[in-house]
Amino acid sequence: MSSSITIRNLVKDFGSTPVLRSIDIDIHEGEFLALVGPSGCGKSTLLRMIAGLESITGGEIRLGDELINDVAPRDRNIAMVFQNYALYPHMTVAQNLGFALQMQGTDRKEIDQRVRQAADILGLDQLLGRRPKQLSGGQRQRVAMGRAIVRRPEAFLFDEPLSNLDAKLRVQMRTEIKALHQRLGTTTVYVTHDQVEAMTMADRIVVLKDGVVEQVGAPLALYDQPRNAFVAGFIGSPAMNFIPGRLQLDGAAPPHVVTDDGLQLPLALTPARGAHGDRVLYGARPEHFTLDASRGAGADVIVVEPTGSETQIAARFAGQNVIAAFRDRISARAGDRLPLWPLGEAAHLFDAGSGVRLN
């Protein structure tokens, strides 16, 4: 049986409040798909609908060729890993891992074999006799993942599984989850509010806003070619900078954007859409600034943040607060003036009203 997941025209209402609207997503067999978006966008609700934990107002969900709208959660052969681990505190690690199989009436020998295999995959061999209170947060998360693995499901669903861990452990666990997916090849749907997690782990990302899919694509495709200003601002850390202005296409000079304080920002090419004089947002990612004294534009430094591998500078540029990131170690302090300048060949351009991408 195929473990692809097909979502068509999916709708979810809570009373008279729409939560998800006309969701269409094809999740390929063996794919790692991340659902991202701000709080309240509907990503966890969508995941719970796939799991069968939320009812469907309209549309359909298929696992392979099977329509599963009305299939009970226990019969969907989908395993879910929750944010709070949901381990049984009175059971050992081994008992937690094998409990679902025990409830299904699986043979004891088969349970023991699967538990040992999962423990070996996740490095839990030495912890099988412990109880959850004797484990660290990362170990508890491994047990929760192991409990899903022993079921050998058609798909894994992860609901913000790393949000309770500290920063260092989050980095370690996202590497382990990605390595686990590469080893098992099981279709995986992963909900997170952390777009860095999504960028580093997923084959494709679905960006949601207010219950609507804004864009679906590979991480770098979303980063390099965001469909609109919302996706551009959501994908990337630090976020893209947006500078308002008017598009200049009069032919007397190369295409550019004139900011509200008269600065002329470069564009490498004439945008595919947009007319002379249109109000636009000029998008520049932090790493796409340079220091160019020949331009004559100055930026007033607000904060300097050296991270070791790069220097991030918050500055006032073209009437806006912007973040610029440099691989070099910049010698600057708050109050200094730097000749900051965006790279025209890397600029993004959006309609100021609709946010739609123009170039």
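How many bridges pair strand β12 with β13, and is the sense parallel or antiparallel? In this predicted model, β12 (residues 256-259) and β13 are joined over three bridges, and they run in the antiparallel sense. If you want to find one of the partners by eye, start at H256 and look across to P266 in β13, its bridge partner.

Now zoom out to the sheet that this pair belongs to. Five strands make it up, in the order β13-β12-β11-β14-β21, and the sheet is open, with antiparallel pairing. At the edges you'll find β13 (264-266) and β21 (348-351); each has a single partner strand, so one side of each has no neighbour in the sheet. Going from one strand to the next, the twist averages 45 degrees.

Next, on to a pair of helices. Packed helices are described by two things, the angle between their axes and the distance between those axes. Take α4 (residues 137-149) and α5 (residues 167-184): their axes come within 11 Å and cross at roughly 20 degrees. Angles under 35 degrees count as roughly parallel, so that's the label for α4 against α5. As for handedness, α4 passes α5 in a right-handed crossing.

Which residues make the contact? From α4 come G137, G138, Q141, R142, M145 and I149. On the α5 side, look for L169, Q172, M173, E176, I177, L180 and L184. Sort the residues of this contact by character and you get seven nonpolar, four polar and two charged.

Conventions:
Residues numbered from 1 in each chain as written. Predicted model: local features only at pLDDT ≥ 70, side-chain atom pairs only at ≥ 80, totals over all residues. Heavy atoms only, no water. Axes fitted to C-alpha atoms, helices over the stretch in contact; angles between N-to-C directions. Helix = DSSP H or I, 4+ residues; strand = E, 2+ residues; numbered from the N terminus. Parallel < 35°, antiparallel > 145°, perpendicular 65-115°, else oblique. Left-handed = near helix turned anticlockwise from the far one by under 90°. Contact = heavy atoms within 4.5 Å. Nonpolar A, V, L, I, M, F, W, Y, C, P; charged D, E, K, R; others polar. Pairing = 2+ DSSP bridges.
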